[in-house]
Amino acid sequence: MKKIILGALALLNLFSCSGDEKIELIAPEKKKLVTMTYNIHHGAPENSDVVNLANIAAVIKNSGAELIALQEVDVNVPRSGKVNQAAELAKLLGMEYHFSKSIDYNGGEYGVAILSKYPLSNKRRELLPMPTAGEQRSIALATVTLPNGQNIEFASTHFDLNVPNRTAQAAYLNQMSATLNKELFVGGDYNAIPSSSEMLKLKEGFTLSCMSSCPLSFPVNTPTKAIDFVIFNPKAANSYTLVSSVALLGQYASDHLPVSVVFQYE
């Protein structure tokens with residue numbers, strides 16, 4: 001009988017201790033994705049013909065950017081030394097790249113590009129609609145495999161200078177996003193401020209990378225316009241949270257300031 005009582009007391013004590021213990025649930029650590037959009041002006045500062053890709057590379061490296069959308073990229077153009085600028089920047093930074101030609105230019109090519117710290121696959125080039133006369137624009141698009149194995153779509157583009165073309169290009173991106181039905185981020189020089197009609201059209205399918213305000217990125221020395229963004233579609237917004245968006249002041253390697261945009265994800 002004594003053994004039974006002692007056993008019951010031990011069991012009661014076990015349950016009492018278990019009730020007092022605090023079970024701490026540890027939330028999964030958030031991961032950070034640092035993106036950038038940067039109109040590099042073929043590697044030359046404002047009002048200068050001196051091309052220096054090392055300066056562009058240093059700006060990108062110092063920012064910690066992992067995915068970069070570049071605009072105004074030369075490939076084998078005499079003014080920039082007949083260098084494949086996308087390939088050279090990738091080499092300087094130890095990254096992968098994808099270039100999309102928008103136009104033939106002076107014996108070479110001119111367009112937009114992606115740089116990525118992570119593997120790229122399914123690289124594509126698409127021409128944007130041009131309902132009125134203007135300089136042909138394109139989009140460089142690729143699948144990025146992040147360190148956790150997740151895939152996202154990342155792109156770079158550069159909208160036209162006139163409103164009808166920009167409006168058509170905004171509608172094109174909206175349709176492309178809906179067709180893809182995947183997490184899509186598009187860094188670009190959109191040549192339009194957030195309140196413009198064409199950007200309102202774009203916001204039907206995307207969120208702009210603006211926090212309390214949109215970072216002023218052009219012109220480089222005394223920026224007065226917010227025209228450079230990393231936009232993201234509803235699929236991306238479900239899994240990625242925008243935590244910061246800033247123009248990196250004091251960076252004069254181009255005629256635009258680079259815009260760094262940081263997201264968090266699980």
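1. Contact here means heavy atoms within 4.5 Å. On that basis, residues 24 or more positions apart account for 68% of the protein chain's contacts with a separation of 6 or more. Keep in mind that this is a predicted model, where local features need pLDDT of at least 70 and side-chain atom pairs count only at pLDDT 80 or more, while totals for chains, interfaces and linings use all residues. Numbering starts from 1 along each chain as its sequence is written, and side-chain values use heavy atoms, with hydrogens and water left out.

2. The overall tally for the protein chain is six helices and eleven strands (DSSP runs numbered from the N terminus: helices are H or I with at least four residues, strands are E with at least two). Of the 266 residues, 48% are buried (under 20% relative accessible area with a 1.4 Å probe, protein chains only; exposed is over 50%, partly exposed in between).

3. One open sheet has six strands in the order 3-4-2-1-11-10, with mixed pairing (two strands pair if DSSP finds at least two bridges between them). Strand 3 and strand 10 (241–247) sit at the edges with a single partner strand each, so one side of each has no neighbour in the sheet. From one strand to the next, the twist averages 20° (axes are lines fitted to C-alpha atoms, for helices over the stretch in contact, and angles run from 0 to 180 degrees between N-to-C directions).

4. Strand 4 (residues 108–116) deserves a look of its own. Eight of its nine residues are buried. Strand 3 (residues 96–105) runs antiparallel to strand 4 and is joined to it by nine bridges, with F99 opposite A113. These two strands form a hairpin with two residues between them, and N106 in the turn has a positive phi of about 50°. Strand 2 (residues 67–75) is also antiparallel to strand 4, through seven bridges; here V73 faces G111.

5. Further along that sheet, seven bridges join strand 1 (residues 31–39) and strand 11 (residues 259–265), again antiparallel. T37 stands opposite V259. Helix 3 (residues 85–93) packs on the sheet, touching strand 2, strand 3 and strand 4, and its direction makes about 135° with that of strand 2. Helix 2 (residues 53–63) lies across strand 1, strand 2 and strand 4, at about 155° to strand 1.

6. The other open sheet to check has five strands, ordered 5-6-7-8-9, with mixed pairing. Strand 5 (120–127) and strand 9 (228–232) are at the edges, and each has a single partner, so one side of each is left without a neighbour in the sheet. Strand 6 (residues 138–145) and strand 7 (residues 151–158) run antiparallel, with seven bridges; I139 has T157 as its bridge partner.

7. Now for the empty space. There is one cavity of 30 Å³ or more (on a 1 Å grid over the protein atoms alone, a cavity is a set of points where a 1.4 Å probe fits but cannot get out, a pocket is an open set with protein on both sides within 12 Å along at least five of seven lines, and lining residues have an atom within 4 Å of a point). The largest cavity holds about 50 Å³, and strand 4 gives the most to its lining, with three residues. Among the lining residues are E72, Y110, G111 and H158.

8. The largest pocket has a volume of about 160 Å³ (the space filled by probe spheres set on the points, with grid points joined across faces, edges and corners). Its lining includes N39, D189, F218 and H256.
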